[in-house]
Structure formats: C-alpha cells, structure tokens
Amino acid sequence: MTADPALLDDLFTQEIDGRAARFVRPADTDRHDFAVYDGDAFLGMLYSDQVLGTAGWRLGGSGERHGALDDAVRALRRPRSWPRERAQVADWARRLLADDSLAAVDIETTGLNGAWAVQIAATDKSGTVLFDSYVNPQAEIEPGAIAVHKITPERVADAPTFGELLPALGEALHGRTCVAYNLPFDKGCLERELERHRSAQVAAHWLGECRWHDAMEPYAVWKGLWSVKRGRYRSQKLGGPHTAVGDCRFLLARVREMASSDRP
C-alpha cells in the first residue's frame with residue numbers, strides 16, 4: 001500500500017501479511033507521523049516523507065526510507081537476526097565477485113510454466129558479453145511474455161534452435177560459476193531444452209559442469225522486508241530492462257550493491 005500520509009486517520013489499524021498493525025499519531029505533532037504497534041508491542045516510529053512529490057516513510061532510528069507503508073512495516077518487523085544475516089549476504093556477494101569465472105545468466109522465455117527459451121545471454125562479472133542469441137523455441141510465445149520482453153514469434157522465426165546454439169553456449173559457460181535471479185526458473189528452462197535436444201543424462205552432466213548460485217533469496221534477505229505470514233523475507237522483483245544481456249548486467253549491479261555494504 002502506497003498511502004498519502006495526509007489522508008490517514010490519527011488512529012487506524014491495517015492488516016499487513018495477515019497480521020494487524022496499529023498506527024497512532026502522537027498528540028504532540030502536527031505531522032503525519034505514526035507510532036506502530038503489533039498488538040501491544042511497540043515496533044517503532046514511521047515518519048512521513050516526501051521525495052520529489054512522492055509519499056514515503058522513514059524508519060525511526062535508521063532513517064531508512066520506503067515508498068510503501070506496507071514495506072515500511074515489514075522493515076520494522078524484521079527479526080533481530082537481520083543485521084547478521086545481511087552481513088552474511090554481503091560476504092556471499094563479495095566472494096561471488098572475487099571469482100574470476102563468474103558469469104551472470106538470463107533467459108527470456110515463452111511463458112511461465114514449462115517454458116522454452118526465446119533469448120539466452122551470459123556476461124562475465126564486468127558485464128562483457130560471453131553469449132547472446134535469440135532462440136527459436138519451436139513453440140508458441142504467450143502474449144503475457146511478449147508484453148514483458150517484446151520478443152515476438154516473427155523475431156525468432158529465423159533464429160537458431162537451442163540444439164544449434166548448444167556448442168557455443170556450452171563453451172561460454174563451461175566450468176564457470178553462474179549466478180541467476182530465480183535460478184530454478186532459468187535452470188529448469190535449460191534442463192528442458194537439454195532434454196529435448198539431447199537427453200536427461202546429457203542435461204545432468206552439462207548443468208553439473210557449472211557452479212550455480214541464485215541471487216533471489218540473498219537479495220530478499222539483504223532488502224529485509226519480513227513477512228509474518230510466510231515467516232521469511234519477501235522476494236523482491238529484480239527489475240531491469242527485460243532483455244537477456246540487460247538483465248544480466250542489472251543482476252550484477254544488484255550483486256555489487258549487496259557486496260558494497262552490510263548496512264541498510
């Protein structure tokens with residue numbers, strides 16, 4: 001919820017991730033700031049903020065800013081272990097970036113379920129392209145997927161199939177440490193393509209030649225928006241331009257961001 005502070009009552013309750021949060025504006029201020037409670041437990045202060053005309057919230061104590069009221073409360077609900085966990089993520093990111101074999105991998109697909117590749121890219125840790133190609137998926141591309149990545153059937157009609165690209169892709173990734181965002185999705189697509197064009201045995205061997213890392217969970221921990229309903233940190237959208245190379249570079253920027261500091 002992105003709430004305009006001026007429209008909020010002095011006392012209100014809002015359910016966030018299945019648990020009610022109670023908001024009380026202190027009587028000694030005319031600002032739209034709130035003390036936040038989980039039941040009788042005081043979580044902290046949220047101070048209304050405006051940046052370039054956009055409503056936002058600053059956390060009392062740290063000054064950390066969130067655009068959405070729900071996210072600000074999730075930040076207040078973090079477990080006490082969060083600073084330690086965030087520091088561990090920063091260490092993980094630094095180790096990843098210290099690996100000269102690091103490659104970021106991204107796959108644009110025909111859809112979300114049982115999808116096939118329409119574009120595959122990999123870059124080294126500096127963002128230099130190791131592999132980049134459109135792929136003829138030999139399957140329908142869902143309208144929802146086209147709306148995201150703008151890759152139409154016409155664009156990939158004359159592109160090589162995955163089987164034709166496999167030697168070059170294998171050479172680009174062989175023996176590398178690979179990082180992706182939502183690894184099960186990208187790796188699952190690779191596995192399906194390998195099984196379709198080779199065999200399950202070849203797929204297992206080929207994927208096993210790389211050392212795989214998923215940046216999705218570490219980034220969720222690093223952002224630290226706690227969901228009491230799920231009992232874990234909320235996954236975050238990566239963002240990016242939704243082109244395979246662009247998303248690889250965007251992912252590496254997030255890894256560098258995580259590595260740069262263990263503080264919010």
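His 149 sits in helix H3, which covers residues 143-149. The model is predicted. At 7% relative accessibility, His 149 is buried, because buried means under 20%.

The side chain of His 149 has polar partners in the backbone. One of its polar atoms lies 2.8 Å from the backbone oxygen of Thr 109. The side chain also reaches the backbone nitrogen of Ile 151, at 3.0 Å.

Which residues does His 149 touch, leaving aside those up to four places away in sequence? They are Glu 108, Thr 109, Val 118, Ile 141 and His 242. Thr 109 thus appears both in this list and as the owner of the backbone oxygen at 2.8 Å.

**Positive phi**

His 242, a contact of His 149, has a backbone feature to note. Its phi is near 60 degrees, a positive value in a residue other than glycine. His 242 belongs to the loop between strand S13 (232-233) and helix H9 (244-260). Is His 242 buried, exposed or partly exposed? At a relative accessible area of 32%, His 242 is partly exposed.

Asp 17 is not a glycine either, yet its phi is positive, at about 55 degrees. Asp 17 is placed in the loop that links strand S1 (11-16) and strand S2 (19-24). With 12% relative accessibility, Asp 17 counts as buried.

**Cysteines**

How many disulfides does the structure hold? The count is 0. A disulfide is a covalent bond between the sulfur atoms of two cysteines.

Why is Cys 210 not bonded to Cys 178? The sulfur of Cys 178 is the closest cysteine sulfur to that of Cys 210, but the distance is 4.0 Å. That is too far for a bond, because a disulfide needs the two sulfur atoms within 2.5 Å. Cys 210 is buried, at 6% relative accessibility.

Cys 248 is in no disulfide either. Its nearest cysteine sulfur is also that of Cys 178, 9.9 Å away. Cys 248 is buried, with a relative accessibility of 0%.

**Accessibility at a glance**

| Residue | Relative accessibility | Class |
|---|---|---|
| His 149 | His 149: 7% | buried |
| Asp 17 | Asp 17: 12% | buried |
| His 242 | His 242: 32% | partly exposed |
| Cys 210 | Cys 210: 6% | buried |
| Cys 248 | Cys 248: 0% | buried |

To recap, His 149 is in helix H3 and touches His 242, among others. His 242 lies in the loop before helix H9.

Notes:
Residues numbered from 1 in each chain as written. Predicted model: local features only at pLDDT ≥ 70, side-chain atom pairs only at ≥ 80, totals over all residues. Heavy atoms only, no water. Helix = DSSP H or I, 4+ residues; strand = E, 2+ residues; numbered from the N terminus. Buried < 20%, exposed > 50% of the residue type's maximum accessible area, 1.4 Å probe, protein only. Polar contact = N/O pair within 3.5 Å; in protein donor to acceptor, adjacent residues only side chain to side chain. Contact = heavy atoms within 4.5 Å.
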